[in-house]
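Visitor: I am new to this structure and should be grateful for a close look at a single part of it. Could the guide please take one sheet and follow its strands in order?

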Amino acid sequence: MSENIVILMLGVSTFLGAIGLIALLWGVRTGQFDDQSKFIDAARYDNEEELRDAVMMEEKKKKALKKKREKSYKPAD
Amino acid sequence: MADVACTHCNLTFSEDVMIVEDENYFCCKGCQGVYHLLNAEGLDTFYDKLGDTTLQPATPQVDDLEKFDLEGFKKKYIKINNDGLYEINLIIEGIHCSACVWLNEKVLHKTDGIIEASINYTNNKAKVVWDSDVIKLSKIIETIRSIGYNAYPYDPSLQEERAVKNRKAYYTRILVAVFGSMNIMWIAIAQYSGYFTGMKQGFKEILNVAEFILATPVLFYSGWIFFRGAYYGFKNHIANMDTLVSSGALLAYIYSIYAMTTQTGEVYFDSVVMIITFVLVGKYLEVLSKKHAVDTLDSIMGSTPTEVTVIEDNAKSLISIESVQISDIIELKPGEKVVIDGALVSGEGSFDESSLTGENEPVLKKESDEILSGSICLDSVIRYKATKDASGSLLHSIVSLLEESITKKPYIEKLADRVSGYFSTIILLIAVATFVFWWSYGGVFETALIIGISVIVIACPCALGLATPMATLIGIAMAAKNNILFKEAGYLETMAKSDLLALDKTGTITEGKPSVVEQKSYQAYDTNLLYALVETSNHPVSKGVKAYLEKRNEKLGKINLKEIKTIQAKGVSAKQNNQTLLGGNALFMRENGISCDEESEHTLFYFAIDGEVVHKFELSDTIREGAKEAIAHIKALGVEVVMLTGDHEKSAKRVANEVGITEIHSRLLPADKASFIEAKQKEGKVAVMVGDGINDAIALAQSNIAIAMGNGTDVAISVSDVVLMDEQPKSIYKAYILSKRSYRAIKENLGLSLLYNSITIPLAVMGYVTPLVAALSMSLSSLIVVGNSMRIKRVKLSKSKDKS
């Protein structure tokens, strides 16, 4: 076994591990693990209806924001 | 008749008291209403998700919705986002399972104007974002209430954001440390086997560099906390555990880099990451317990009103508590919580002061009596004059004191690691001296540096890394087996040094609830009537009688009573089949025309049917089993025992005499208890405080070691260092014995490792230490320390049993 192969093995495995670590840290930072049970419930209650619900909420937000913008927009006299 | 479950809340009741509709049974109108609402909204799949979980019956809520739309409320709790949407953080009451979370989110999502709603199941906290043009906050709260839950706001910037940030920072550091140490360990295995079987220098270098790359972020990113701690220690002229961890790890790291680049000796990167990782995980547990305390504090704050009714020129107006001035006249309605201290000017009523004094019985207040914030007005409309403003009031000072103690405490504890501090200073001095000696005599800088660092490496990880933790670990495990939970290892040491024990009365020395000690029946009657009557009241005396009846009678039937009237602090009256039932104290009987003039040192409860007393009960707060023996044993250990109580002197004396306490301090408010402890601490005493209620929380936070009873309030448990799960006074004695024994073991361990190091360190100083010797000496000294700590397990805790 040449030394280069050892370097390659160590390098690749550490790099892959580091990617996993960074992904995990990103998850922690963005609050994805704040509520453990919700994490599981999301899988338990996952169906078409929940999906529709999420889309509905998104649209509602879009609409509300649009309305706000229109209201704050004052045309020049 | 058979018991059936309510279709909504799943609680089971006898069939004849249920509301029957089609094939559904409901325990109350509230549950029925919620059931129909959910069906109408197409949310009935909630019941499939709920399964067998029971809920609280959906009781109608008090009508206080208008307060949510007030300006003061808006300023305090509502955040206006950049995009013009409103945001609030709520605590939702009544969440039992994931189905509840689902239902609440679903209903909020369906409501017009709500843009975002997410609920955290673990702590029942919710974040709601809404469009204020479409919906008002009061409507949102009403929606949550309509499905049988309740919501109140809290201010996250107060504590939570800080705690969450802290926790996440620690978590990230731990993840990096664990990743680094796991990878270094398997590289180290290759290195160790290479050391014994022979390995080419080239391979060794590759492994060294790989370890170096992995160890660097662990030491400087994860270990940053220790460098910071060492810096603060240095500023205060104290060598603490952080000093040793950081200096040991840093020097081992520098030495390893030196060994790596010059290809002399072995690298110690694995020791560097192991030290950092293990100590960091221990610290993280501390941060976790702090997070819990913050959650409970938020719920106290959230339930306090933001506005009070002030009377000006005979007109009522709601003004925010911050703008209340001294000598303003404030009106209180039944059920309202007092937020501003004052003196009563008109009306009289009973107040629940349990969160201040720990006593469960309501107190009757008359004109010019003092009204304290934190108490709850129970039964009548009264007016009082403010004697303090909001920030000077008792409730505010309790909350701010608690807030302070939660954030402050660990730093005080950190300074307690004296023994380890001295040791680390000595080792550092020896290392420096060795270095100077070799440099000045040998003249070679490199050799001097290697020998100097090897002194630290050989002494640091084992002697100190194990001497204290091993002994405390076994001490804590032993304590846990005896139902005593020490939240942190360091507390054993502090408790061992304690020479003052302050005990709360109600709930600590006594059971905290009245139970029947004597009873006399005057004529035969249907016990079920009395049972039904006492069941309608939440008063501790009624509960005591109820518990007594349940213990005595196996089968108690349910009787429906009519015209139930509860007169606070006096008794209950009700009607059944033309019979008038009365249950209450002597004053209540006299008011209803029944002559009662007995005197008793206990609380009396009379039961009368149609104007004639048929049964008399004497109730008293019973002293916990073994309290007297435990206190006597603790005194024998040389600890001063005092009693601190919010109760009046007479009952305090009675209990104190029974358990053998001579020093009593009665009628103390929460802050008085804390200042008593503080005064004693100034005299140089190390104080242990045992309590169970919110009223003890400040004193608990002030004391060196706080012990809470297992069924105490959340706040008390979260500010304490030790929790007694079995609530037995003799557990306090056991905690003393265990901590004293563990402390002795710590001292022995430190002595042994010092002895061991006094043999190995001179060898290192003389430059004889090879890696093999270092490895052997490490494991041998570890074995000795572990063996000595195991002896703690043989300590006898049953001394109290043998004697009594």
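Guide: What follows is an account of one sheet in chain B, with its surroundings and the contact with chain A placed after it.

The model is predicted: local features are described at pLDDT of at least 70, side-chain atom pairs count only at pLDDT 80 or more, and totals for chains, interfaces and linings use all residues. Residues are numbered from 1 along each chain as its sequence is written, while chains are lettered from A and ligands numbered from 1 in the order in which they are written.

The part chosen is an open sheet of six strands in chain B, with the order β11-β10-β12-β18-β13-β16 and antiparallel pairing. Strands, like helices, are DSSP runs numbered from the N terminus; a helix is H or I with at least four residues, and a strand is E with at least two. Two strands pair if DSSP finds at least two bridges between them. In general, strands of a sheet pair through backbone hydrogen bonds, either parallel or antiparallel.

The edges of this sheet are β11 (315–320) and β16 (370–371) of chain B, each of which pairs on one side only. Starting from the β11 edge, strand β10 (residues 307–312) of chain B joins β11(B) in the antiparallel sense over six bridges. Within this part of the sheet, E312(B) stands opposite A315(B) in β11(B).

Further along comes β18 (residues 382–386) of chain B, which pairs with β12 (residues 329–332) of chain B in the antiparallel sense over four bridges. Strand β13 (residues 342–346) of chain B also pairs with β18(B), again antiparallel and over four bridges. Y384(B) of β18(B) takes part in both pairings: Y384(B) is the bridge partner of I330(B), and it is likewise the bridge partner of L344(B).

Chain B also holds an open sheet of three strands, in the order β15-β14-β17 and with antiparallel pairing. Its edge strands are β15 (363–365) and β17 (376–377) of chain B, each pairing on one side only. Strand β14 (residues 349–352) of chain B pairs with β15(B) in the antiparallel sense over three bridges, and in β15(B) the bridge partner of S350(B) is L364(B).

These sheets belong to a chain with 27 helices and 31 strands. Of the 804 residues of chain B, 44% count as buried. A residue is buried if 20 or more other C-beta atoms, placed from the backbone, lie within 10 Å of its own, exposed if 12 or fewer do, and partly exposed in between.

Chain A, by comparison, has three helices and zero strands, and buried residues make up 4% of its 77 residues. Its helix α1(A) has 27 residues and reaches 38 Å from its first C-alpha to its last, close to the 39 Å expected at 1.5 Å a residue; that expected span is 1.5 Å times one less than the number of residues. Just after α1(A), G31(A) takes a positive phi of about 75°.

The two chains meet in a contact that takes 25 residues from chain A and 24 residues from chain B. Two residues are in contact if their C-beta atoms, placed from the backbone, lie within 7 Å. On the side of chain A that touches chain B, the elements giving two or more residues are α1 (3–29), α2 (36–44) and α3 (48–72) of chain A. The largest share of that side, 11 residues, comes from α1(A).
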